[in-house]
Amino acid sequence: MDADHGGGTGDEKKLAWPGVTDHPKSDSRPDHPEPDQDAETAPAGSLEAEAAPSSATDASGPAPASSVAPGPAERRPGAGLAALSLPYQIVAAIALSLIGVVACAHIAMIFLHVAPSNTLTKQHGEVVDAWVYPEFEQNWKLFAPNPLQQNVSVHVRAELANDGADSNSVTRWINLSREDGEAIRGNVLPSHVDQNELRRAWDFYTGSHDSENRSTGLRGELSERYIRRIVMLRLAEHGYGGAVERIQVRSAVRHVGVPSWSAEKISTKTEYRELPWWNVSPADLPKTDATGRSPQAVEAGE
């Protein structure tokens, strides 16, 4: 019987599945393979030994983010004053406070300067003027100022050292404002000097002198020197034959006529304000030439 089934001896172990030598394909395998019997029957110590390497591998690998215990929030560097140390923060705070105080004081002084006359300006007018002039001078007023309703022109005449071209020692009155107006009229880009130099100089003088031409402050002498230098520059353009020894300046003021629909009555008669004669000093003369002589001296032949 044994010989008929392959010639095997009785000692050989028979196969559970005769004629089957290979495992079936993967598609015929169950989704979850049966656990190995040997593993089931293996002692517990061997299973723990096999699981030890995998545990070591897991420990050496990166830990999941969820397994990391949340620590204290990292402190980010701040911006501005927060990034500075405490001593520097104190210094910066003091500096900003001083800047704020100075800015507020400046705004208050400018406000009192342009505001109408009040108790504060009457009591502290000198302090306000000392702060504002000359760097922060303002040429405007608050609360609907009264616009200029006058035509003001500045005239000058000179006394020459010797007879001029018209055989007179004193020249005629020269309307300097009219010359500026003619230079501006029809000019698309008029000069700032022609528009404002003489006008601002005269405003400077009248603002620092009373009606009797007496200086009302420290700026009075400065305004006189400014007027004299401008006048001497204008006289040099006319080329009188003699050297100028003295000059006299006057203003001609005429009110603008009222419109036909107004019942207001204003005199349009020209009013003159003559200043005293001023002696001309070398500091009032225009720039000298290469020989150190002024144009007046060159024309006089000195």
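How are helices α3 and α4 oriented to each other, oblique or roughly parallel? In this predicted model, α3 (residues 86–114) and α4 (residues 119–132) pack at an angle of about 120°. The two helices are therefore oblique to each other. Angles under 35 degrees count as roughly parallel, over 145 as roughly antiparallel, 65 to 115 as roughly perpendicular, and the rest as oblique.

The model is predicted, so local features need pLDDT of at least 70 and side-chain atom pairs count only at pLDDT 80 or more, while totals for chains, interfaces and linings use all residues. Residues are numbered from 1 along each chain as its sequence is written, and side-chain values use heavy atoms, with hydrogens and water left out.

The chain holds eight helices and five strands. Helices (H or I, at least four residues) and strands (E, at least two) are DSSP runs, numbered from the N terminus. Along the sequence, the order is α-α-α-α-β-β-α-α-α-β-β-β-α. Of the 302 residues, 21% are buried. Buried means under 20% relative accessible area, exposed over 50%, and partly exposed in between (1.4 Å probe, protein chains only). Contact means heavy atoms within 4.5 Å. Among contacts between residues at least 6 apart in sequence, 58% join residues at least 24 apart.

The axes of α3 and α4 lie 9 Å apart. Axes are lines fitted to C-alpha atoms, for helices over the stretch in contact, and angles run from 0 to 180 degrees between N-to-C directions. The crossing of α3 past α4 is left-handed. A crossing is left-handed if the near helix is turned anticlockwise from the far one by less than a right angle, and right-handed if clockwise. On the α3 side, the contact involves H106, M109, I110, L112 and H113. These meet L120, T121, V127, V128, D129, W131 and V132 in α4. By class, this contact has eight nonpolar, three polar and one charged residues. Ala, Val, Leu, Ile, Met, Phe, Trp, Tyr, Cys and Pro count as nonpolar, Asp, Glu, Lys and Arg as charged, and the others, Gly among them, as polar.

I110 belongs to α3. With 14% relative accessibility, I110 counts as buried. Its C-alpha atom is 7.9 Å from that of V128, although the two residues are 18 apart along the chain. Setting aside residues up to four places away in sequence, I110 touches V132, F136 and Q138.

A second helix pair is formed by α6 and α7. Their axes come within 9 Å and cross at roughly 150°. That makes α6 roughly antiparallel to α7. This crossing, too, is left-handed. From α6, the residues E197, L198, A201, W202, F204 and Y205 take part. Their partners in α7 are R219, L222, S223, E224, Y226, I227, I230 and R234. The contact comprises nine nonpolar, one polar and four charged residues.

S223 sits in α7. At 0% relative accessibility, S223 counts as buried. Outside its neighbours within four places in sequence, S223 contacts F204, Y205, S208 and H209. S223 and S208 are 15 residues apart in sequence, and their C-alpha atoms are 7.5 Å apart in space. The loop between α6 (192–207) and α7 (219–238) contains N213. N213 has a phi near 65°, a positive value in a residue other than glycine. Its relative accessibility is 19%, so N213 counts as buried.

The strands pair as follows. Two strands pair if DSSP finds at least two bridges between them. Strand β1 (residues 150–160) runs antiparallel to β3 (residues 244–255), with eleven bridges joining them. Within this pair, A158 stands opposite I247, and H155 has R250 as its bridge partner. β1 also pairs with β2 (residues 174–175) in the antiparallel sense, over two bridges. There, V156 is partnered by I174.

β3 has further partners. Four bridges link β3 to β4 (residues 271–274), again antiparallel. R250 stands opposite E274 in this pairing. Two bridges join β3 to β5 (residues 278–279), and these strands also run antiparallel. I247 stands opposite W278 in β5. I247 thus faces A158 in one pairing and W278 in another. Likewise, R250 is paired with H155 of β1 and stands opposite E274 of β4.
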